[in-house]
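Hi,

Here is the structure I said I would pass on. Have a look, and my notes on what turned up follow below.

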Amino acid sequence: MPMELTQSRIQKIWLPNDNRPALPRRSCGPQLANSPTVIVMVGLPARGKTYISKKLTRYLNWIGVPTKVFNVGEYRREAVKHYSSYDFFRPDNEEAMKVRRQCAMAALRDVKLYLTEEAGQIAVFDATNTTRERRGMILNFAKENGFKVFFIESVCNDPNVVATNVMEVKLSSPDYRDCNSTDAMEDFMKRINCYQASYQPLDPDDYDRELSLIKVIDVGRRFLVNKVQDHIQSRIVYYLMNIHVQPRTIYLCRHGESEFNLKGRIGGDSGLSNRGKKFAVALNKFVEEQNLKDLKIWTSQLKRTIQTAEALQLPYEQWKALNEIDAGVCEEMTYEEIREQHPEEFALRDQDKYYYRYPSGESYQDLVQRLEPVIMELERQENVLVICHQAVMRCLLAYFLDKSADEMPYLKCPLHTVLKLTPVAYGCRVESISLNIEAVNTHRDRPEEAKKGPNPLMRRNSVTPLASPEPTKKPRINSLEEHVAVSPALPGCVPQEVPTQMPGQPLLGKACLT
C-alpha cells in the first residue's frame with residue numbers, strides 16, 4: 001500500500017508518516033549516493049595545495065556538503081614544537097620520517113572519525129603525498145573503511161610563481177617565526193629540494209590509470225582529468241576549472257532604498273524612493289573614484305536594482321538568479337501582517353531561518369542553490385560590482401567569508417553601503433563603505449528564543465579566515481620532538497615553542513597561491 005506522508009512544516013518537504021526523525025542537517029545540499037570521499041592533495045611545497053584545499057572546502061560547505069580540511073602540517077607542528085631547519089624533511093632523516101608518518105596516520109584517524117561519526121561527507125587530506133608509497137597507504141586506508149578517493153595534484157614549474165608564493169605565504173608560517181626573510185627563503189627552497197628528489201607525480205596514462213584524479217597544471221593553465229566517479233567529483237572538477245588567482249576586487253551592494261522598504265514590505269517589485277535615487281547617484285561617483293579597469297556590473301531582474309544600475313551610465317547584465325528570495329504567499333506583506341495572518345509561519349521562520357521555506361516560495365537553502373552559477377561566474381571574473389538584494393547579498397557574502405548556514409540569514413547587509421571584497425591567501429578581506437545616504441534599517445536580529453536553542457550547524461572547515469573562531473583544539477597527538485634528532489637552528493632564527501595558531505592569523509599549511 002502507498003505510504004502515508006507528512007509535510008515538514010519548516011522545509012515544506014514530504015516525509016514518511018512514521019516515527020522516524022526528520023531529515024538530518026547534512027541533507028541540506030547535494031547528497032552523495034555512495035561512500036564518503038577523501039580528497040587527497042598531491043604536490044611539492046608551495047604549489048597551492050592548501051589554497052585549493054581551503055577554497056574547495058569553503059565552496060563544498062556553502063553548497064551544503066559537510067567538508068573539512070585535515071592539514072598534516074598542523075599535526076606536525078603540534079608534535080614537534082621547535083622547527084629547526086630543512087634537515088627535518090631530508091629523506092635520510094629516519095627519526096623525522098617516523099614522526100611525519102605518525103602525523104599522517106593521526107590525521108587519517110581523524111578523517112575516519114569525521115566521516116564515520118561526525119556526519120562528514122568529504123575530508124580533504126592536505127599534505128604533499130608525493131610518493132606512491134604514501135598514496136598507497138592512503139588508498140589502503142580508504143579501502144578498509146569504504147571511502148572513495150579523489151586525488152588533486154597541483155603542478156607548477158614556474159620559478160617566479162613558486163618564489164612569489166614562498167615570499168607571500170610561507171615566510172609568515174609559524175615555522176619561520178622570528179627568522180629573517182633571506183634565511184627563511186633559503187631554508188624553504190632547500191625543503192622543496194628534499195621532496196623533489198623522491199617526487200613521483202601522478203601518472204594517469206599508466207601507473208595511476210585506475211585512480212580518480214585531476215592534475216591542475218601551472219595555476220589553471222591546463223587540466224588533466226581521469227576517471228571521475230560520481231556527481232560530487234564532477235562538481236569539484238568544474239569548480240577547480242573555474243577559479244583563478246589573479247588579483248581582483250568584488251563589490252557587493254543592495255539596490256537603493258525602495259518604496260516597499262519605506263513601508264516595511266518584503267519582496268515585490270517596487271521602484272526606488274527619493275533617498276534610493278540619491279544613493280544611485282552616490283554609487284556612480286563611488287565607482288568613478290575606484291577607477292577600475294573593465295568593471296562588470298550585474299543586477300537582478302527587479303526594478304529597484306535596474307534603476308540603481310542605470311545611474312552608473314555603464315553597461316550592466318541582468319541575472320534572474322540574483323532576484324530576491326521568493327516570499328511566496330508572504331510577498332509584499334509587512335512582518336506585522338505576516339505575524340497576524342500567518343502566525344505559525346512567522347514563528348517557524350524565526351525557529352530555523354536558513355531551512356525555512358515560505359509557502360509557495362523559497363528558503364535560504366533554495367537561494368544558495370540558485371546562486372551557485374553566480375558564484376562560479378564570480379570566480380571566473382576579475383572586477384565585478386553586484387547590485388542585488390538583502391538575502392541574496394547574505395548568501396554571496398557567506399560564501400566569501402566562510403560563514404555557516406546558521407550565521408548566513410543574520411549577516412548585516414545595510415542599504416546604501418558597499419562591501420569591498422578582496423580575495424587574499426586563505427580567505428577574503430572585507431571593507432564596509434557607507435555612502436552616507438540615510439535609509440531605513442531592514443535588518444531583523446536573531447530572536448532571543450532562537451539564540452537559546454542548540455546550534456544545529458557547527459563550523460565544518462578547519463580554518464575559517466575572517467569568520468568566527470573555532471573552539472580551542474585539543475592536541476591530537478602527543479609531542480614527539482624528544483624522539484627526533486635535533487638539527488641546528490637556522491642562523492637568523494630564535495628557536496621557541498610556536499603555538500598552533502597565532503592570534504589573528506590562520507593556520508598555515510603546505511602552500512597557497514595568491
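Start with helix H9, residues 274-290, which lies across strands S9, S12, S13 (417-424) and S14. Its direction runs at about 175 degrees to that of S9. Helix H10 (residues 303-310) packs on the sheet as well, where it touches S10 (296-299), S11 and S12. The angle between H10 and S12 is about 140 degrees. Before you read too much into any of this, please keep in mind that this is a predicted model.

The sheet under those helices is open and has 6 strands, in the order S11-S10-S12-S9-S13-S14, with mixed pairing. Strands S11 (317-318) and S14 (427-434) are at the edges; each has a single partner strand, so one side of each has no neighbour in the sheet. Further in, S9 (residues 250-254) and S12 (residues 384-388) run parallel and are joined by 5 bridges. If you want a pair to click on, Tyr-251 has Leu-385 in S12 as its bridge partner.

There is also an open sheet of 6 strands with the order S4-S5-S3-S6-S7-S8, again with mixed pairing. Here the edge strands are S4 (67-71) and S8 (222-226), and because each has a single partner, one side of each is left without a neighbour in the sheet. From one strand to the next, the twist averages 15 degrees. Strand S7 (residues 213-217) runs antiparallel to S8, with 5 bridges between them, and Leu-213 stands opposite Asn-226 in S8.

Two helices pack on this sheet. Helix H3 (residues 94-117) touches S3 (37-42), S4 and S5 (122-126), and its direction makes about 170 degrees with that of S5. Helix H7 (residues 231-240) lies across S3, S5, S6 (148-155), S7 and S8, at about 15 degrees to S6.

S5 deserves a closer look. How many of its 5 residues are buried? The count is 5 of 5, so the strand is mostly covered, taking buried as under 20% relative accessible area. Ile-122, Val-124 and Asp-126 point one way from S5, while Ala-123 and Phe-125 point the other way. That fits the general pattern, in which side chains in a regular strand alternate between the two faces of the sheet. S5 pairs in the parallel sense with S3 over 4 bridges, and Val-38 stands opposite Ala-123. With S4, S5 pairs in the parallel sense over 5 bridges, and there Thr-67 stands opposite Ile-122.

Now the charged pairs. The count comes to 24 salt bridges, and a few of them are worth a look:

- Arg-9 and Glu-344 meet in a salt bridge at 2.5 Å, N to O. The two are 335 residues apart, with Arg-9 in the loop between S1 (5-7) and S2 (14-16) and Glu-344 in helix H12 (residues 343-351). Glu-344 is partly exposed, with a relative accessible area of 43%.
- Arg-248 forms a salt bridge with Glu-379, with the closest N and O atoms 3.0 Å apart. This pair spans 131 residues, from the loop between H7 and S9 to helix H13 (residues 364-380). Arg-248 counts as buried because its relative accessibility is 7%, and Glu-379 counts as buried at 0%.
- Arg-446 and Asp-406 meet in a salt bridge at 3.3 Å, N to O. Arg-446 is in the loop between S14 and helix H15 (448-452), and Asp-406 is in the loop between helix H14 (390-401) and S13, 40 residues apart.
- Arg-76, Arg-77, Asp-175 and Arg-191 are linked in a network of salt bridges.

Last, the nonpolar interior. The largest nonpolar core has 71 residues, and those with the most contacts inside it are Leu-60, Ile-152, Leu-322 and Leu-396. Helix H14 supplies the largest share of this core, 10 residues. What does Leu-396 touch, not counting residues up to four places away in sequence? Its contacts there are Leu-252, Leu-322, Leu-371, Val-374, Ile-375, Val-386 and Cys-388. Apart from that core lies another, of 50 residues, among them Val-111, Val-162, Cys-179 and Ile-192.

Cheers

Notes:
Residues are numbered from 1 along each chain as its sequence is written. This is a predicted model: local features need pLDDT of at least 70, side-chain atom pairs count only at pLDDT 80 or more; totals for chains, interfaces and linings use all residues. Side-chain values use heavy atoms; hydrogens and water are left out. Two strands pair if DSSP finds at least two bridges between them. Contact means heavy atoms within 4.5 Å. Axes are lines fitted to C-alpha atoms, for helices over the stretch in contact, and angles run from 0 to 180 degrees between N-to-C directions. A salt bridge is a side-chain nitrogen of Lys or Arg within 4 Å of a carboxyl oxygen of Asp or Glu. Buried means under 20% relative accessible area, exposed over 50%, partly exposed in between (1.4 Å probe, protein chains only). A nonpolar core is a set of buried Ala, Val, Leu, Ile, Met, Phe, Trp, Tyr and Cys residues joined through side-chain atoms within 4.5 Å.
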